[in-house]
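Let's walk through this structure together, one piece at a time. Keep the viewer open beside the text, and pick out each residue as it comes up.

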Amino acid sequence: MGMLAKLLTAPLLPVRLVTWAAERVLDQANEEYYDPGPVYAALAELERSLLDGEIDQATFDSQEDELLDRLDEIARFRQSRQ
């Protein structure tokens with residue numbers, strides 16, 4: 001980029017910086033939202049609750065289905081990014 005182009009586009013620098021920062025925040029939020037670790041931990045805790053008699057089988061099945069659906073969503077998201 002020539003010196004003249006740099007001078008002419010300098011006023012746009014704050015906009016570019018805000019856009020760049022927003023993209024980094026979105027990337028980080030996606031990484032956290034689509035992290036399977038907490039879902040696996042929730043599945044383990046759910047199984048522990050069932051084995052300890054804190055919840056019944058119907059509750060376990062319902063919550064397990066929700067968590068497995070979440071894992072499917074995470075897998076689809078990660079597959080689409082490859």
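The paragraphs below go from confidence to helix packing, and then to single residues.

A word on trust comes before the details: this is a predicted model. The chain has a mean pLDDT of 93, with 99% of its residues at 70 or more. Where in the chain is confidence lowest, and where is it highest? The low end is helix α1, residues 3–9, with a mean of 80, while the high end is helix α3, residues 37–51, with 98. As a general caution, predicted coordinates should not be read in detail where pLDDT is low.

Now turn to helices α3 and α4. Two packed helices are described by the angle between their axes and by the distance between those axes. For α3 and α4, the axes come within 10 Å and cross at roughly 170°. An angle over 145 degrees counts as roughly antiparallel, and α3 and α4 are therefore roughly antiparallel to each other. Which residues meet between the two helices? From α3 come Val39, Tyr40, Ala42, Leu43, Leu46, Glu47 and Leu50. On the α4 side they meet Gln57, Phe60, Gln63, Glu64, Leu67, Leu68, Arg70, Leu71 and Ile74. Sorted by class, this contact has eleven nonpolar, two polar and three charged residues.

Leucine 71 is a good residue to zoom in on, and you will find it in helix α4. Is leucine 71 buried or exposed? Its relative accessibility is 14%, and because buried means under 20%, leucine 71 counts as buried. Setting aside neighbours within four places in sequence, leucine 71 is in contact with Pro36, Val39, Tyr40 and Leu43. Take valine 39 from that list: leucine 71 and valine 39 are 32 residues apart in sequence, yet their C-alpha atoms are 7.1 Å apart in space.

Arginine 70 also lies in helix α4. With a relative accessibility of 17%, arginine 70 counts as buried too. Beyond its neighbours within four places in sequence, arginine 70 is in contact with Tyr33, Tyr34 and Val39. Val39 thus appears among the contacts of arginine 70 and among those of leucine 71.

Over in helix α3 you will find serine 49. Serine 49 has a relative accessibility of 10% and counts as buried. Not counting residues up to four places away in sequence, serine 49 touches Glu54 and Ile55.

For a contrast, look at valine 25 in helix α2, which covers residues 13–33. Valine 25 counts as exposed, because its relative accessibility is 57% and the cut-off for exposed is over 50%. Valine 25 and glycine 37 are twelve residues apart in sequence, and 20 Å separate them in space, C-alpha to C-alpha.

The last stop is arginine 81, in the segment after α4, a helix that spans 57–80. Arginine 81 has a relative accessible area of 48% and is partly exposed. Which side chain does arginine 81 join in a polar contact? The partner is glutamate 31, and the polar contact between the two side chains is 3.3 Å. Tyrosine 40 is 41 residues from arginine 81 in sequence, and their C-alpha atoms are 21 Å apart in space.

How values were computed
Residues numbered from 1 in each chain as written. Heavy atoms only, no water. pLDDT = per-residue confidence, 0-100. Helix = DSSP H or I, 4+ residues; strand = E, 2+ residues; numbered from the N terminus. Buried < 20%, exposed > 50% of the residue type's maximum accessible area, 1.4 Å probe, protein only. Polar contact = N/O pair within 3.5 Å; in protein donor to acceptor, adjacent residues only side chain to side chain. Contact = heavy atoms within 4.5 Å. Axes fitted to C-alpha atoms, helices over the stretch in contact; angles between N-to-C directions. Parallel < 35°, antiparallel > 145°, perpendicular 65-115°, else oblique. Nonpolar A, V, L, I, M, F, W, Y, C, P; charged D, E, K, R; others polar.
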